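Thank you all for coming; I would like to spend a few minutes on one structure, going through its strands and then its aromatic rings. Please have the sequence and the coordinates open as I talk.

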Amino acid sequence: MGLLNIISNEVKAAIGYQQNFADLLTAKDVTRALSMMKAHAEEAANNLREYKIDTHKVMERKDRAVYDKKGNFLRWSKRWKIPIPYPQFINEISLVFLYGRPVKWQQLSTGTDYAFQNYKDWLNEIHFNAKVREAKRLAGAEGISAILYHVYRDSDNKPSLLLNVLSRENNDDIYTIRDQYKRITAFAWGYYLTEAGNNTVYHVDIYTKETVYRAKRGKMGWEVEIKDNPIGKIPVLIFEQTPEHKEVQPMIERSEIMESTDADTNDRFSNPAMVATSEILNSLPKSEEEAKLFILKNGGDVRYLTWNEASESKRMSLKDWINTFFQSLSRPTLILTI
């Protein structure tokens, strides 16, 4: 994209010149073209933070500072951060419901046994069932994923196919445009490639039924290669849904906070402490002795200071919450867009 194109696009934008999506791509103004598409990356990243245990809200708990009576810092008191992988568990259950067994294909036409068998063999060769399960697992975590069909010619110049699963987890950016009937009219895939000189460059491939735009961000704007789409379709299968854990996310956060605070409380109060008068300090038995004898002199006294609810608190801190989430699970839903 040359300097003149950049200036021309900026002037048109400044004077409010109305350009449609195709016009922007033809003018190689990829930035504004992408602004007309729905970007799914941010929402997927937010869902992924809820999904991964190392970014759960409970991990934001800070250790408590301990000070003496004069306000001098003494030490840090550890506060437990206990994330629980309920989102992964819920997502895997949903995945088993839908794709525990491979997709079953039926032959509805007659006289096509040979072609139908070749089709099923081809699905096995491209690992279709594994790719579908991978895409569904990612959609259940992030809310959206996609399978991009890459058609090419192999070393023998024969047509071949590669399925590429796209997701935020794989550092892919997904963009879409839909019409009023929710049909996909344009799809874009953003990704980074390391090129010569160890430079990481951002690429965007934009697909419409008629045209494929392969754009690369350069020093002077976008470099765009425009090709006709030979298949006349957008070669993508989109998995879009509400993340499987979304409806029970408040319960997950609550249980993690309760488990963590209960662990703090149990560490401080649940174990018994000995209370003894000074007369018997020198006659305490050694800790390694199995049979302990306390010798009391001059009215000495030994007793244990215990928390009456300690055993119940420990039991509650180990309580299994899985049944609660089983009851909260609803029938999994998934929207596929071709």
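Let me begin with strand β9, residues 211–218, which pairs with β8 in the antiparallel sense over 5 bridges. I should say straight away that this is a predicted model, and what follows should be heard with that in mind. Within this pairing, Tyr207 stands opposite Val212 in β9, and the connection from β8 to β9 is a hairpin that runs through 3 residues.

On to the next pairing, where β9 and β10 are again antiparallel, here over 8 bridges. If you look for a reference point, Ala215 stands opposite Val224 in β10, and these two strands also form a hairpin, with 2 residues between them.

Now to the rings. How many aromatic pairs does a search of the whole structure find? The search finds 7, and one of them is formed by Tyr192 and Tyr202, a tilted pair with 4.8 Å centre to centre and 55 degrees between the planes. Because Tyr192 lies in strand β7, residues 184–195, while Tyr202 lies in strand β8, residues 199–207, this pair ties together parts that are 10 residues apart in sequence.

Is each of these two tyrosines buried or exposed? Tyr192 is exposed, with a relative accessible area of 52%, whereas Tyr202 has 6% relative accessibility and therefore counts as buried, the cut-off for that word being under 20%.

Tyr202 also takes part in a pair with Trp222, and here the arrangement is edge-to-face, at 6.4 Å centre to centre with 65 degrees between the planes. This pair links distant parts of the chain, since Tyr202 belongs to strand β8 and Trp222 to strand β10, residues 221–228, and the two are 20 residues apart. Both Tyr202 and Trp222 are buried.

To bring the strands and the rings together, β9 pairs with β8 and with β10, and the ring pair of Tyr202 and Trp222 joins β8 to β10.

Two further places deserve a look before I stop. Elsewhere in the sequence, Tyr67, Phe73 and Trp76 are linked into a cluster by ring pairs. There is also a charge over a ring, with Lys78 lying over the face of Trp80 at 4.9 Å from the ring centre. I am happy to take comments on any of these.

How values were computed. Residues are numbered from 1 along each chain as its sequence is written. This is a predicted model: local features need pLDDT of at least 70, side-chain atom pairs count only at pLDDT 80 or more; totals for chains, interfaces and linings use all residues. Side-chain values use heavy atoms; hydrogens and water are left out. Rings of Phe, Tyr and Trp (its six-membered ring) pair if their centres lie within 6.5 Å; planes under 30 degrees apart count as stacked, over 60 as edge-to-face and the rest as tilted. Helices (H or I, at least four residues) and strands (E, at least two) are DSSP runs, numbered from the N terminus. Buried means under 20% relative accessible area, exposed over 50%, partly exposed in between (1.4 Å probe, protein chains only). A charge sits over a ring if NZ of Lys or CZ of Arg is within 6 Å of the ring centre and within 35 degrees of the ring normal. Two strands pair if DSSP finds at least two bridges between them.
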